[in-house]
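Trainee: Could you go through this chain with me before I set anything up? I'd like the overall picture and then the charged residues.

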Amino acid sequence: MTGRQDDTRPDDEAGTGPLPVVGQAGQAGPGRPGGRAGAPKDPAEMTLLDHMGGPMGFVYSAIPVVVFVTANAFLSLSLTIGIAVGSGLALFGYRLLRGERFAQAVGSLLGVVLASALVAVTGSARDFFAIGIWVSLAGFVFTLGTVLARRPITGVVWNLVHGGTHDWRADRPTLRAHDIATLAAALVLGSRFAIQQWLYVTEATTGLGVARVVMGTPLTIVAALVVVWAFRRSTKRLVPSGR
């Protein structure tokens, strides 16, 4: 009764017998084996996906870029700016109608407005991408800095979402996983800066648009998969209910 009770304890949340909770939460989708439709996922993972805006978030971020580059190829700069801002407003309204949070919807609009305002001031179409380029550099420096300081940001975020009570840095496999995940994010940000800065210097506006789209969604998805892996590994090792 007392020596083996924990080894055979049923999983009360998922109703799957002795199967581990994290193993089920890590397999997304209502039809995953042994799980129940709508079973909760790791809160850290949900926070990451929520801030990314889901799959449609990538589409929303790419549309104003495509609109700007296309319009710039055929129209004057002033008309191009107006069309780009108009597309941002249209997306903002559409996202609100779909029930998305105001802060999430307005973020993409502000990005388009600020980029367009910079173009209006400088008179150079390539400056539509300048803010994003320098944000990538800042993100690269920050993420790499957290790894060098032995406090990789993905681990900090995971711990905060789980109450900030886990000594995750003392567990070497967990720390190593977050080193890898944060370095993956740093690599994505650094490559974006390096390539887009080169295109910016050569005044290749169309190339900047292509690079922004190509290096946006695909690379972000790759980095996100590595981060999700680190989150799940941390939960499996450190959260008692995830064992």
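**Fold and charged residues**

Mentor: Read along the sequence, the chain follows the pattern α-α-α-α-α-α-α-α-α-α. Please keep in mind throughout that this is a predicted model.

Trainee: OK, how many helices and strands is that?

Mentor: The chain has ten helices and zero strands, and of its 243 residues, 39% are buried.

Trainee: Switching to charges, how many salt bridges does the structure hold?

Mentor: There are four salt bridges in the structure, and one of them pairs Asp 171 with Arg 237, whose side chains meet at 2.7 Å from N to O. That pair links distant parts of the chain, since Asp 171 sits in the loop between helix H7 (153-161) and H8 while Arg 237 belongs to helix H10, 66 residues apart.

Trainee: Is Asp 171 buried or exposed? And what about Arg 237?

Mentor: Asp 171 counts as buried because its relative accessibility is 16%, under the 20% cut-off, whereas Arg 237, at 32%, counts as partly exposed.

Trainee: Which residues are joined into one network by salt bridges that share partners?

Mentor: Arg 95, Arg 98 and Glu 100 are joined in that way. Glu 100 forms a salt bridge with Arg 95, where the closest N and O atoms are 2.9 Å apart, and another with Arg 98, at 3.0 Å from N to O.

Trainee: And how accessible are Glu 100 and Arg 98?

Mentor: Glu 100 has 16% relative accessibility and therefore counts as buried, and Arg 95 is buried as well. Arg 98, by contrast, is partly exposed because its relative accessibility is 46%.

Trainee: Back to Asp 171 for a second, which side chain makes a polar contact with it?

Mentor: The side chain of Thr 174 does, at 2.5 Å from the side chain of Asp 171. Thr 174 is placed in helix H8, and it is buried because its relative accessible area is 0%.

Trainee: Now the surface: which residues gather in the patch of positive charge?

Mentor: The patch of positive charge on the surface is formed by Arg 172, Arg 176, Arg 233 and Lys 236. Helix H8 (172-201) and helix H10 (217-238) each supply at least two residues of that patch.

Trainee: Where does Arg 172 lie, and is Arg 172 buried or exposed?

Mentor: Arg 172 lies in helix H8, and it counts as exposed because its relative accessibility is 63%, which is over the 50% cut-off.

How values were computed:
Residues numbered from 1 in each chain as written. Predicted model: local features only at pLDDT ≥ 70, side-chain atom pairs only at ≥ 80, totals over all residues. Heavy atoms only, no water. Patch = residues over 30% accessible without salt bridge, like charges linked within 9 Å, V, L, I, M, F, W, Y side chains within 5 Å. Areas by Shrake-Rupley, 256 points an atom, 1.4 Å probe, with all protein chains shown as cover. Lys, Arg positive; Asp, Glu negative; His and termini not counted. Charge placed at Lys NZ, Arg CZ, Asp CG, Glu CD. Helix = DSSP H or I, 4+ residues; strand = E, 2+ residues; numbered from the N terminus. Buried < 20%, exposed > 50% of the residue type's maximum accessible area, 1.4 Å probe, protein only. Polar contact = N/O pair within 3.5 Å; in protein donor to acceptor, adjacent residues only side chain to side chain.
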